[in-house]
Amino acid sequence: MQVTETKNEGLAREFKVVVPAAHIEEKVVAKLDEIKDQVRLPGFRPGKIPAKLLRQRYGQAVMGEVLEAAVNENTGKVLNDNDLRPAVQPKIEVTKFDEGGDLEFDIAVEIIPAIEAMDFKKLKLTREVVELDDSKVNETLERIASAQGTTAPLARKRKSKAGDVVVIDFLGKIDGEAFEGGKAEDYELELGSGSFIEGFEDQLTGVNAGDEVVVKVKFPEAYGAAELAGKDAEFDVTVKEIKEKKPAELDDELAKKLGQDSLESLKEAIRKDFGREYESVSRQKMKRQLLDALAENHSFELPKSLVENELEGIIGQIKQAREAGQEDDETKGKSEEELSEEFREIAERRVLLGLLLAEVGRENEIQVTQEDVNKVLVAEAQKYPGQEQQVIEFYKNNPQALQALQGPVYEDKVVDYIVELAKVEEKTVSVEDLLKPEEEDEAPKKKSAAKKAPAKKDAEKKAPAKKAPAKKAAAKKPAAKKAADKSEDK
């Protein structure tokens, strides 16, 4: 093999490779010899087919395999011999090949830059911790008691109010015509729950049992049913009964109903849940500090292809939101060129942090273990009750999806490694201060996006978006249900 470097500028490298004809012929002969015992042709015993006939029948297919293998093998050798780590898949172009002649091809590749990590022992981070008091636990117990409570007819006649459950019949119409899904009988609606579209429940507050009310509403522009979206509608509603909610008793029986041994064990479970939640929030805030510090303390040349890929992904998400009618106000009406200019800095930051974290992980031999994979698989499967096994099988049968799922796990392990070296000061704060959005979070989303690092194991390759199995279809609900006019946030 003859290799000539034709370009060496920044992170860009190009090579011209010539593989001698003799080498190609040797590989073809060896491959034909390998398959001769497997081939069956009428009139010939296995392994006794003349070489000339074998070549006539299978020479083209074998040549294709040999050329592909030669290109891959020699490309890998060029990269290894020159100690190059590609940022993305190298571009290969075969420039010359005639049967019986040399194979010539060009390699163009962008490489991972030299990255020198800072001394992580110089990092100073703050971990916010809260001391959980019983007020949060008691609030949660009250919500549980309310949710587990019962409803009963009013003891004394009065008008409906927020928190009541009204039993109603209703018929929805648009332009005087009833529409599908707009009718129900003996429907129990909790006033103030926000479960129906905006304005519906308000117009049933302050009514008496037996009243007939015309509820006038407007379906949201982004309503799930396209034929109803943005339309004005009227619902003929008959209030058949008003019930008031009575919370359940906070006792051991309620705790046992919820799978706990006693009320005290239920309280302890709630405390642990809050502890995990607050610890997670605290960790995310400290991780943001860390990523900000890493971005400020590192600067190196970035592979243009990685930046362009990241930028393309960001703009692609904006386009998807635009098509779904869910685009942020900050990007509405902007051209792709304007978006590219606006989000390039964010793409560069993501690539920088991704490469840095990947390099720290590589240098320190940080790996995602099978135990880590099992944990993340179980956590993902639990998001789809009743379909856990299907979810697990989906990821086992889709390596790329599984790799994307492992990405955040790898990133967190690298972050944990850095945090162990840094100086971490604990600061006791109130729950309100812990949960209060940071200034960056209150800025337009394009700013907060700049605070995130790529959620993928190998920042050198763009992992495909995760695609989980669809949830089972929910039971059909009245068209007035508010839940139908929103898509679930990521």
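Which residues in H6 are buried? Keep that in mind as we walk through this predicted model; we will select H6 shortly.

**Stop 1: the whole chain**

Start with everything on display. The chain has 490 residues, and buried residues make up 37% of them. Color by secondary structure and you will be looking at 13 helices and 11 strands. Contacts are worth a thought here too: among those between residues at least 6 apart in sequence, 72% join residues at least 24 apart.

**Stop 2: helix H6**

Now select residues 304–323, which form helix H6. This helix has 20 residues, and from its first C-alpha to its last it reaches 28 Å, close to the 28 Å expected at 1.5 Å a residue.

Here is the reply to the opening question: Ser305, Leu306, Val307, Glu310, Leu311, Ile314, Ile315 and Ile318 are the buried residues of H6. Show their side chains and look at how they are spaced. An α-helix has 3.6 residues a turn, so residues three or four places apart point the same way.

What do the buried residues of H6 pack against? Add strand S4 (103–110) and helix H7 (336–363) to your selection, and you have both partners. Before leaving, step just past the end of H6 to Gly325, which takes a positive phi of about 70 degrees.

**Stop 3: H5 against H7**

Keep H7 on screen and add helix H5, residues 263–297. Two packed helices are described by the angle between their axes and the distance between the axes. For H5 and H7, the angle is about 95 degrees and the axes are 10 Å apart. That makes H5 roughly perpendicular to H7.

To see the contact itself, pick Leu291, Asp292, Leu294 and Ala295 in H5; they meet Arg349, Leu352, Leu353, Leu356 and Leu357 in H7. By class, this contact has seven nonpolar residues, two charged and no polar ones.

**Stop 4: H1 against H2**

Finally, select helix H1 (residues 21–35) together with helix H2 (residues 51–81). Their axes come within 9 Å and cross at roughly 125 degrees, which makes H1 oblique to H2. Is the crossing left-handed or right-handed? Turn the view to check: the crossing of H1 and H2 is right-handed.

On the H1 side, show Ile24, Glu25, Lys27, Val28, Val29, Lys31, Leu32 and Ile35. They meet Leu54, Arg55, Tyr58, Val62, Met63, Glu65, Val66, Leu67 and Ala70 in H2. The residues of this contact divide into 12 nonpolar, five charged and no polar.

Definitions and conventions. Residues are numbered from 1 along each chain as its sequence is written. This is a predicted model: local features need pLDDT of at least 70, side-chain atom pairs count only at pLDDT 80 or more; totals for chains, interfaces and linings use all residues. Side-chain values use heavy atoms; hydrogens and water are left out. Helices (H or I, at least four residues) and strands (E, at least two) are DSSP runs, numbered from the N terminus. The expected span of a helix is 1.5 Å times one less than its number of residues. Buried means under 20% relative accessible area, exposed over 50%, partly exposed in between (1.4 Å probe, protein chains only). Contact means heavy atoms within 4.5 Å. Axes are lines fitted to C-alpha atoms, for helices over the stretch in contact, and angles run from 0 to 180 degrees between N-to-C directions. Angles under 35 degrees count as roughly parallel, over 145 as roughly antiparallel, 65 to 115 as roughly perpendicular and the rest as oblique. A crossing is left-handed if the near helix is turned anticlockwise from the far one by less than a right angle, and right-handed if clockwise. Ala, Val, Leu, Ile, Met, Phe, Trp, Tyr, Cys and Pro count as nonpolar, Asp, Glu, Lys and Arg as charged, and the others, Gly among them, as polar.
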